[in-house]
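Reader: I am new to reading protein structures, and I would like to go through one slowly. Could we look at it together, one question at a time?

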Amino acid sequence: MIAADETPAVPRPARVGYATRAAPGSVNEDYVVAGPGWAVVLDGATAPAGVDSGCVHDVAWLVHRLAAALSARLAAESAGGLPDVLAEAIKDVCAAHGDTCDLANPDSPSSTVAIARWDRGELECLVLADSPVVVRRTDGSVAVVEDDRLTRLPGGPPYTLETVRSHRNRPGGFWVASTSRAAAYEAVTATFPWEDVDTVALLSDGVTRLVERFGHTWPDLLRQLRSAGPGRVIDLVREAELAAPAARGKPHDDATALVVTRG
């Protein structure tokens, strides 16, 4: 029986589609998972050659474990705010390898995080590092929930390994999901009334390069996701990489795109 001052949970109908693809010749260190009312995209940071991470596991292990921990908590009706969900998921992952790995190592495996949850009457977004959530409202306007701190380190990109190491998960630097629960509370968050939302996209930077490097716009990318689907958008990424190689950075990257449309 529902008390007079209680509002019953109302399903928030939505359709979810996604695609993920490794960079040519590589192991995919992105990961994507979704459930009724929520979705997650993770982008593991590829370890530089020759760097001792202090961990016996690879980056793919980290993102798989983190995705599982996030899924378990997001699926629970009692799940709290998204920063708390992420903090507890990081704690779970640390517990899974704290006995075998040096969690104090500044080069421990890490991952970006993008989370969207829409089963509580509003769209909640959390972004940690460079995997944004892009929202198109019903009036056609587009909002980008992004964390650009990695682009604002001293000296400008491309960064040295020491610059990244000394600024990772530190005030004034940038934050990623690795071994510090505190990183969860440094994430960028935003909320939108669900009735105002038309489309939501969670993207790894292997897809956002379409906008950041290859001349597409956010509205165009959202239209492509809705009309052609995430797999076709990744095709567009690969075509652009071959036609106009980036002046800096990796020529190819793991690419993941997830799109949520109100049903």
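Author: Let us begin with an unusual bond and the place where it sits, keeping in mind that this is a predicted model. Pro158 is found in the loop between β7, residues 142–145, and α3. A cis peptide bond joins Pro157 and Pro158, with omega at about 0°.

Reader: What is the mean pLDDT of the protein chain?

Author: The confidence can be judged residue by residue and then for the chain as a whole. Of the residues of the protein chain, 94% reach a pLDDT of 70 or more. Averaged over the chain, the pLDDT is 92.

Reader: Over which residues does pLDDT stay under 50?

Author: Where pLDDT is low, the predicted coordinates should not be read in detail. The stretch in question has, in the model, 1 contact beyond four places in sequence. The residues whose pLDDT stays under 50 are 1–11.

Reader: Which strands stand at the edges of the open sheet that contains β2 and β8?

Author: Strands of a sheet pair through backbone hydrogen bonds, either parallel or antiparallel. In this open sheet of 5 strands the pairing is antiparallel, and the order is β2-β3-β4-β5-β8. A strand with a single partner has one side left without a neighbour in the sheet, and so the edges are formed by β2 (30–35) and β8 (188–193).

Reader: Which residue in β3 is the bridge partner of Gly35?

Author: The strand β2 is joined to β3, residues 38–44, by 6 bridges, and the two run antiparallel. Among the partners across this pairing, the one in β3 that belongs to Gly35 is Trp38.

Reader: What angle does the direction of helix α2 make with that of β5?

Author: Helix α2, residues 82–97, packs on the sheet and touches β4 (111–117), β5 (122–128) and β8. When the direction of the helix is set against that of β5, the angle is about 45°.

Reader: Which strands are the edge strands of the sheet with the order β1-β10-β9-β6-β7?

Author: This is an open sheet of 5 strands with antiparallel pairing. An edge strand here pairs on one side only, and this holds for β1 (14–21) and β7.

Reader: By how many degrees are neighbouring strands of this sheet turned against each other on average?

Author: The value leaves direction out of account and is an average over the neighbouring strands of the sheet. One such pair is β6 and β9, residues 197–203, which are antiparallel over 5 bridges, and in which Arg137 has Val197 of β9 as its bridge partner. The average turn between neighbouring strands is 15°.

Reader: At about what angle does helix α6 run to β1?

Author: Two helices can be described in relation to these strands. Helix α5, residues 218–227, lies across β6, β7, β9 and β10 (255–262), and runs at about 95° to β9. Helix α6, residues 230–243, lies across β1 and β10, and its angle to β1 is about 35°.

Reader: Which element gives the largest share of the lining of the largest pocket?

Author: The largest pocket has a volume of about 1500 Å³. Of the 47 residues that line this pocket, the closest to its centre are Asp130, Leu150, Tyr159, Asp205 and Lys250. Two or more lining residues come from each of β3, β4, α3 (161–167) and α4 (205–212). The largest share is 4 residues, and the element that gives them is α4.

Reader: How many residues of the lining of the largest pocket are charged?

Author: The lining of the largest pocket can be divided into three classes. The nonpolar class holds 18 residues and the polar class 13, while the charged residues number 16.

Reader: Which elements give two or more residues to the lining of the largest cavity?

Author: The structure holds 1 cavity of 30 Å³ or more, and the volume of the largest cavity is about 30 Å³. Its lining is made of Leu62, Leu66, Ile90, Val93, Ala177 and Ser178, which divide into 5 nonpolar, 1 polar and no charged residues. The elements that give two or more of the lining residues are α1 (59–74) and α2.

Notes:
Residues are numbered from 1 along each chain as its sequence is written. This is a predicted model: local features need pLDDT of at least 70, side-chain atom pairs count only at pLDDT 80 or more; totals for chains, interfaces and linings use all residues. Side-chain values use heavy atoms; hydrogens and water are left out. pLDDT is the predictor's confidence in each residue, from 0 to 100. Contact means heavy atoms within 4.5 Å. Two strands pair if DSSP finds at least two bridges between them. Axes are lines fitted to C-alpha atoms, for helices over the stretch in contact, and angles run from 0 to 180 degrees between N-to-C directions. On a 1 Å grid over the protein atoms alone, a cavity is a set of points where a 1.4 Å probe fits but cannot get out, and a pocket is an open set with protein on both sides within 12 Å along at least five of seven lines; lining residues have an atom within 4 Å of a point. Grid points are joined across faces, edges and corners, and a volume is the space filled by probe spheres set on the points. Ala, Val, Leu, Ile, Met, Phe, Trp, Tyr, Cys and Pro count as nonpolar, Asp, Glu, Lys and Arg as charged, and the others, Gly among them, as polar.
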